[in-house]
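Below are some comments on the model, set out as numbered points. Please read them alongside the sequence and coordinates.

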Amino acid sequence: MITSLSDKQIQHLYWRTGFGISASELKTVRVLSKTQIIDRLFEESKESTPLSMSFGALEKNSKELSREERKQLRQLRNKKMSELNTLWLKQLIDTDQVLREKMTLFFHDHFAVRLRTPRACIHLNNIIRKHALGNFGDMLMEVSKSPAMLLFLNNKQNRKDHPNENFAREVMELFTLGRDNGYTENDIKEAARAFTGWNFNKNGTFVFRKNHHDYGTKTIFDKTGSFTGEDVIKILLEKKQTARYLTEKIYSYFVNETINKNHIEYLTTIFYDTNYDLQALVRAIFKSDWFYSSNNIGTKIKSPIELIVGLSKSFQVQYEDPKVLLYLQKKLNQMLFFPPNVAGWTRGRAWIDNSTLMLRLKLASLTLNSGVIEWHEKGDMPENMIIRQQAYKKIKSKLQKKVKAIPNWQAFLDDLEQKNKSELTNFMLQPNLSETAKVIVSKLEAKDTKNFVIELLSLPEYQLC
Amino acid sequence: MKRRDFLKQSVFASGMTMIPSFLKGMEFLTPEQLSGYRNVIIIQLSGGNDGLNSIIPISNDIYHRARPFIAKKETQTLKITDDLAFNDNLKEIKKLYDLGEVSIINNVGYPNPNRSHFRSADIWQTASDTNQYLSTGWVGRYLDANCQHPYQAIEIDNSLSLALKGNTMNGIAASDPNQLYRTTREPFFKNIIKNTQKEMLDEDNQGYLYKTMLETYSSASYIYETSKIYQSNTEYPQNPFAKHLKTIADFIVSGLKTRVFYSSLGGFDSHVNQLNSQDRLLKIYSDSVGALVKDLKANDRFKDTLILTFSEFGRRVKQNGSRGTDHGAANNVIAIGGSLKKAGVYNELPNLSDLDNNGDIKYSVDFRSVYASVLNNWLNVNDQTILNKDFLKLGFI
């Protein structure tokens, strides 16, 4: 049993449970035991800070709106969706409740909803945050009854004799059992009948519309009864497969995309036996020895949000124009509140293709040095390279003009206790360097720490955590 | 200026000299080589397009009875035969149909259809059986087996679909080739490229990043240099999908050595009030494809082009309780091209009186038969190495 953690292992824990660690924080926690560090993470996330914003005319009953207001309603919705996006992104960057936000990010993907109704979206997001380190069953029930989910998966339209199977299918395929894991087309049809009558009123409060509900007998997984929607969710939670499916997903989020069957069985049992206590599950992960083994460190491809938030957090970046944050999310294929579909984002290597990779590699220089990677190589430098670099600096691409980010370099540098090349490399990059990176780094000058750091962050290694 | 003259003046004279020396092995096609260089454009209608309301069995009573609110009336259609009609938003497709440039293949699907968007789209993209999970796409495996460069399959999008991912080679995703190119020119990145050899890369995520970087560098150069040759002046509709098709036309006419182009149009998941949403999307599809074909014809490239349109599944024959339709099964596939062997309605219409247990259309043509025909009959490659099985080839191409 490991009782204390190396710097690299602490950085690993902080990258996976959050978005990296600052030099000063590393200094603080380095003296603590492993258990103390983990306790500290949960302690920091004890409270939950819901997102809140004003919705202006969107809060009014549409009948009370003036003609002009109604016209502007659609534009206002879009505007509020963008505001909501950057509001959360800012919270991800600034929060002290890091683990809670990271869990919220996980379930934002798990319960992927793509809507243009900001009030429903913020409501769902806050439900998820509230239960993020609590009970999964409670979260599932409240999410299923939220206007966002009722809208997105058409349960609002699911009525007796006119069933709409959308929610019934996805609750099994995506939220609990996992695709093709022990349910049939008939189970879906029957479950859809049980969910009939679930709706919400004008205030966004869940209502059960009795006259839309199918009170008939349903057979789901060999159980027969006049089940309601609540019954179906209870039945799904009784299946250990639900615990297993969630555990696998959480494991691949926090630990490794390659599943270790023994770890999964161990964790599934904890999760199931604690009646779906999310805190117990993730605590067991961080307390294990295997979480810190070298094959789990620096091997995960950061999601675009992890990349953007990680970078912004380390350098306390201020964005003059918040639209830039939307632009970057869009270009990197992960826009908060706009998952591609109900299955959420495909993770891992799917984040990477030629165009996203080049922007990701360029991101550090764009946010930290107005798009320029100063390039100092020890010893000789081919003359044409110098000329090319100078020429390149002059070209201000559209992107560079757009980004307008203000990093706090002073704070970053003052904080830094890692001074030499290898210390800086170990602190900024999680994986072991590739052969290429070793050559590049060996040639770089480290006298100018700022430039050296930008160069490190422009290596493919920074894409991993 | 004619393309040919432009080529002589700009590319031969100056363009090629800008390419770094180690890329000089790359070729683009001269006008002489270009003719007869066949390509296929694959269009995915994402979300599950309702084929029954796109190409409509207008005389079929079952159709009208099953869809009291959403069945198309004859006045809302363009007649094909007494029994079949296009949705009247497919005007441009109908024009091509009348010219003998469209083949409609009915009842395309696979055994034990999956009705999840993601799973069914994966099945279509990987060309797998319903219970088989493959991590490579059929176009990706075509690259593996028959191509030398990633850019021989290009997806016009920000990200790359599973269809274009192979074992040893991935296709290229490029929505903005110029930006892609500029970024790869960065001196720091060039230096990384210079110090990387493919052989020293592992199969792990880190190796994957470096490998992608190498491929991007060479492909971006190639696409950028080559696609400068032709910029279309055909008018396209103002929407992102049309813009993507225009980029494809630019690539094809410029002589990019690309065999497969991939593009998608989303939003077809019509559970609620489907008439408005589907009609709007079909019009976008039809007008954009119409412009693309016009462009290719003006440049004498349509005869070498095949446009294949599919969706991950069709929709239920019976409407649901919200003036929409739920996920279905077999569906029609539309093939458009200047060199079709059999244009018109390729096979029998869906049998609405013999549906599966879910009330969905049964398949009679395996979708992999369509792929096999494209690979074997059109691209002249061995389809079995790519599809891992021998599927019946169809005579539409």
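1. What should the 14 residues of helix H6 (residues 118-131) of chain A span at 1.5 Å a residue, and how far apart are its end C-alpha atoms? The expected span is 20 Å, and the end C-alpha atoms of H6(A) are 20 Å apart, so the two values agree. This is a predicted model.

2. H6(A) is mostly covered, with 10 of its 14 residues buried. Among them are Ile122(A), Leu124(A), Ile127(A) and Ile128(A), and the list also includes Asn125(A), Arg129(A) and His131(A). The buried residues of H6(A) pack against four helices of chain A: H4 (67-94), H5 (98-110), H7 (136-144) and H8 (147-152).

3. In helix H23 (residues 449-457) of chain A, the buried residues are Phe452(A), Val453(A), Ile454(A), Glu455(A), Leu456(A) and Leu457(A). The cover over these residues includes H17 (354-368) and H21 (421-428) of chain A, together with helix H8 (187-194) of chain B.

4. Turning to the interface, 47 residues of chain A are in contact with 42 residues of chain B. On the chain B side, at least two residues each come from helix H5 (117-126), strand E7 (172-173), helix H7 (177-184), H8 and helix H9 (205-227). H9(B) gives the most, with 10 residues.

5. How do the residues of the side of chain B that touches chain A divide into nonpolar, polar and charged? There are 16 nonpolar, 20 polar and six charged residues on that side.

Note on methods:
Residues numbered from 1 in each chain as written. Chains lettered and ligands numbered in written order. Predicted model: local features only at pLDDT ≥ 70, side-chain atom pairs only at ≥ 80, totals over all residues. Buried ≥ 20, exposed ≤ 12 C-beta atoms within 10 Å, placed from the backbone. Contact = placed C-beta atoms within 7 Å. Nonpolar A, V, L, I, M, F, W, Y, C, P; charged D, E, K, R; others polar. Expected span 1.5 Å × (residues − 1).
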